[in-house]
Amino acid sequence: MDAQQKQSDALDRARNNQSMANYGQIMQGLTEKGINPDDISFRVNVLTFDAWRALGRTVRRGEKGVRCLTWIPIKDETGAEKKRPSTAYVFHISQTEQLQ
């Protein structure tokens, strides 16, 4: 899978996943970084590194994301679709900048 496809898949997962399991953890992590809770909109301005890249933005050097658990779809040896746990880091738009 090339980088562009990886970024596109990350954006699709970020926008279409319906789970809210990490919202409390993410909200706490972002507010501890000084981000106003009123400025936090999940799946709109809080995304993973690859999802931001798909939108033409990048995370500024030195910024730290909020760690959360996510589930990645995979196919097993029989071709059946399953999900596996994975660690992801999300960033608020204020931690990003437009790609040059």
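**Figure 1. Phe 49 in helix H3.** Phe 49 lies in helix H3, which covers residues 49-54. The model shown here and in the other figures is predicted. With a relative accessible area of 37%, Phe 49 is partly exposed, because that class lies between the limits of 20% for buried and 50% for exposed residues. When residues up to four places away in sequence are not counted, Phe 49 touches Thr 58, Val 59, Tyr 89 and Phe 91. A further pair for orientation is Phe 49 and Glu 63, which are 14 residues apart along the chain and have C-alpha atoms separated by 11 Å.

**Figure 2. Val 66 and its contacts.** Val 66 belongs to strand E3, residues 66-75. Its relative accessible area is 7%, and Val 66 is therefore buried. Neighbours within four places in sequence left aside, Val 66 is in contact with Gln 25, Ile 26, Gly 29, Leu 30 and Lys 33, and also with Ala 88, Tyr 89 and Val 90. Tyr 89 thus appears in this view as a contact of Val 66 and in Figure 1 as a residue touched by Phe 49. From Val 66 to Ile 35 the C-alpha to C-alpha distance is 12 Å, with their positions 31 residues apart in sequence.

**Figure 3. The aromatic pair of Tyr 23 and Phe 42.** Searching the whole structure gives 1 aromatic pair. Its members are Tyr 23 and Phe 42, whose rings are stacked, with 3.9 Å centre to centre and 10 degrees between the planes. The angle counts as stacked because it falls under 30 degrees. Distant parts of the chain are linked by this pair: Tyr 23 is in helix H2 (residues 23-32), whereas Phe 42 is in the loop between H2 and strand E1 (46-48), 19 residues apart. Tyr 23 has a relative accessibility of 21% and counts as partly exposed, while Phe 42, at 19%, is buried. The two values fall on either side of the 20% limit, so the residues are classed differently.

**Figure 4. Arg 43 in the loop between H2 and E1.** Arg 43 is placed in the loop between H2 and E1. The phi angle of Arg 43 is near 70 degrees, a positive value in a residue other than glycine. Most residues other than glycine have a negative phi. Phe 42, a member of the aromatic pair in Figure 3, is also in the loop between H2 and E1.

**Figure 5. Lys 6 in helix H1.** Helix H1, residues 3-16, contains Lys 6. At 45% relative accessibility, Lys 6 counts as partly exposed. Lys 6 and Phe 91 are 85 residues apart in sequence, and their C-alpha atoms are 17 Å apart in space.

**Figure 6. The protein chain as the setting of the close-up views.** The protein chain contains 3 helices and 5 strands, in the order α-α-β-α-β-β-β-β along the sequence. Its radius of gyration is 14 Å, close to the 13 Å given by the globule rule for 100 residues, so the chain is as compact as a globular protein of that length. Along the principal axes, the C-alpha atoms fill a box of roughly 45 × 35 × 20 Å. Of the 100 residues, 33% count as buried. Among contacts between residues at least 6 apart in sequence, 64% join residues at least 24 apart. The accessible surface is about 6,800 Å², and 47% of this belongs to carbon and sulfur atoms. The 15 positive and 12 negative charges have mean positions 3 Å apart.

Key:
Residues are numbered from 1 along each chain as its sequence is written. This is a predicted model: local features need pLDDT of at least 70, side-chain atom pairs count only at pLDDT 80 or more; totals for chains, interfaces and linings use all residues. Side-chain values use heavy atoms; hydrogens and water are left out. Helices (H or I, at least four residues) and strands (E, at least two) are DSSP runs, numbered from the N terminus. The radius of gyration is taken over C-alpha atoms; the globule rule is 2.2 Å times the number of residues to the power 0.38. Buried means under 20% relative accessible area, exposed over 50%, partly exposed in between (1.4 Å probe, protein chains only). Contact means heavy atoms within 4.5 Å. Accessible areas come from the Shrake-Rupley method with a 1.4 Å probe; for residues, only the protein chains shown count as cover. Lys and Arg count as positive and Asp and Glu as negative; His and the chain ends are not counted. The place of a charge is taken as NZ of Lys, CZ of Arg, CG of Asp or CD of Glu. Rings of Phe, Tyr and Trp (its six-membered ring) pair if their centres lie within 6.5 Å; planes under 30 degrees apart count as stacked, over 60 as edge-to-face and the rest as tilted.
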